[in-house]
Amino acid sequence: MRILISGAGIGGPALAYWLARYGHRPTVVELAPGLRAGGQAVDFRGPTHLTVLRRMGLLEELRERQTGGTPMTFTDVRGRTRLRLPAEFAGGEVEIRRGDLARLLHRHSAPGTEYLFGDTVTTLRQDEQDTGGVRVGFRHAPERHFDLVVGADGLHSRVRALAFGPERQYVRHLGYYAATWPFANRLGLPAGSTGLNTPGRLAAAGADPRDPERAGAFLLFAAPELALDRHDPARLKALLRERFADLPHPVPQLLATLDEVDDRDLYVDSISRADVPAWSTGRIALLGDAACGATIGGMGTGTALVAAYVLATELARADGDHRAALTRYERTVRPYAERCQRGGDRTGPFLAPRTARGLWLRNTLLGRRVLLERMLAMGEDIATLDLPEPARAPQR
């Protein structure tokens, strides 16, 4: 099958890898001019994530590049430490920089995949009987015909908007905004994440564990839904300065690094979740955050890799019956993805409780090792799924 995948982040290249392995002809289209190098570290935990990585032949390469996890320290405005969380709390069993993971997935998928960078889908047309495939219009490339289209293009999915309806029908704001950016570590920051917490706000930063000359910032604040243009970096920087201007050292020095950040490396977005009643319509399907995503804390990276594996495997087993494959894919992955997604609902309130009492409760409860270990065990249970066995690859 000729299959178009929109999005070259994590889920898209992972799906392309498996589709090519099963004899299909994937094409990946990506709006960005190249692979996105930035982003926070991402983690994998539990046997399901590790099994998929092992079947892809990626697990040992990831371990060679892993960060070792990111311990988290929360302080108050006087610089006093209020809570320390160990590396395994946020880092799982394998943690890696998102950019490193994207490059590995691209390298493994590229031999069997056509990549179209700097372009995007503009129209999708499939016949009413769902028998003739999908005609796809692009911003730059000529119109083409595909047997199947998969939107792996994130929470703000273009494919979902074109084929399923406007974003407001499926994406719900969860009351917080988050921002990340890289910068030269002239502040002498140690590895890990140290964050200043006030009610409804967190300003954190830490050195890159694999390159101490580089560092990354992470800001989070509570707010109702804002009229925010995610593609206006000047306004985004002004917003961050406004929201954190009154906080003491080292926040002013952290905000000053916004002057030097490449606009392409600045990420600011709401913490939101996507809920789509059906993950496919005819020959168009959704994968990862586009179908069932959460901005932060919903195990989205691991879920995307699992979903990519299941979707490609079901297509291989279905022998051309895409309806049966898409039905089995959603039936297998949806309950798992929804369990993982619920973690995203709690991310904002966990990282930046809105009240002083909420901060005190979080710090007090998670300062107890027994409760911390229980939360880690729950996270592994949530991320567990009985995976289908790989399908037989075609003889070449």
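**Figure 1. E61 and its salt-bridge network in the predicted model.** E61 is a buried residue, with a relative accessible area of 17%. The structure shown here and in the following views is a predicted model. E61 lies in helix α3, which spans residues 59-65. Its salt-bridge partner is R107, and the closest N and O atoms of the two side chains are 2.5 Å apart. R107 belongs to helix α5, residues 98-109, and the pair links distant parts of the chain, 46 residues apart. In contrast to the buried E61, R107 is partly exposed, at 45% relative accessibility. A further salt bridge joins E64 to R65, with 4.0 Å between the closest N and O atoms. E64 is exposed, at 59% relative accessibility, whereas R65 is partly exposed, with a relative accessible area of 26%. Through shared partners, the salt bridges join E61, E64, R65 and R107 into one network.

**Figure 2. The salt bridge between E30 and R36.** The structure holds 27 salt bridges, and the one in this view is formed by E30 and R36. Their closest N and O atoms are 3.5 Å apart. E30 is buried, with a relative accessible area of 9%. R36, at 49% relative accessibility, is partly exposed.

**Figure 3. An open sheet of six strands.** The strands follow the order β7-β2-β1-β11-β18-β17, and their pairing is mixed. The edges of the sheet are formed by β7 (114-117) and β17 (280-281), each of which pairs on one side only. Strand β2, residues 25-30, runs parallel to β7 and is joined to it by four bridges. Within this pairing, V29 has L116 of β7 as its bridge partner.

**Figure 4. Helix α2 and the residue G57.** Helix α2 covers residues 46-55. Its buried residues include G46, T48 and H49. L50, V52 and L53 of the helix are buried as well. After α2 comes G57, whose phi is positive, near 75°.

**Figure 5. The surroundings of L101 in helix α5.** L101 is located in helix α5. At 0% relative accessibility, L101 is buried. Which residues are in contact with L101, leaving aside its neighbours within four places in sequence? The contacts are I10, V42, F44, L62, I96 and T301. A307, for its part, is 206 residues from L101 in sequence, and the C-alpha atoms of the two residues are 17 Å apart in space.

**Figure 6. The surroundings of A337 in helix α11.** A337 is placed in helix α11, which spans residues 322-351. Its relative accessibility is 3%, and A337 therefore counts as buried. Apart from neighbours within four places in sequence, A337 is in contact with W279, C292 and T303. A separation of 8.5 Å lies between the C-alpha atoms of A337 and A307, which are 30 residues apart along the chain.

**Figure 7. Two cysteines without a disulfide.** The structure holds zero disulfides. For C292, the nearest cysteine sulfur is that of C340, 8.7 Å away. The converse also applies: the cysteine sulfur nearest to C340 is that of C292, at 8.7 Å. Why do these cysteines form no disulfide? A disulfide requires a pair of cysteine sulfur atoms within 2.5 Å, and the separation of 8.7 Å therefore leaves C292 and C340 outside the cut-off. Both residues are nevertheless shielded from the surface: C292 is buried, with a relative accessible area of 8%, and C340 is buried at 2% relative accessibility. C292 is also one of the contacts of A337, the residue shown in the previous view.

**Figure 8. A nonpolar surface patch that includes L365.** W360, L361 and L365 make a nonpolar patch of about 280 Å² on the surface. L365 lies in helix α12, residues 356-366. At 37% relative accessibility, L365 is partly exposed.

Terms used:
Residues are numbered from 1 along each chain as its sequence is written. This is a predicted model: local features need pLDDT of at least 70, side-chain atom pairs count only at pLDDT 80 or more; totals for chains, interfaces and linings use all residues. Side-chain values use heavy atoms; hydrogens and water are left out. Buried means under 20% relative accessible area, exposed over 50%, partly exposed in between (1.4 Å probe, protein chains only). Helices (H or I, at least four residues) and strands (E, at least two) are DSSP runs, numbered from the N terminus. Patches are made of residues with over 30% relative accessible area and no salt bridge: like charges are joined within 9 Å, nonpolar side chains (Val, Leu, Ile, Met, Phe, Trp, Tyr) within 5 Å. Accessible areas come from the Shrake-Rupley method with a 1.4 Å probe; for residues, only the protein chains shown count as cover. Contact means heavy atoms within 4.5 Å. Two strands pair if DSSP finds at least two bridges between them.
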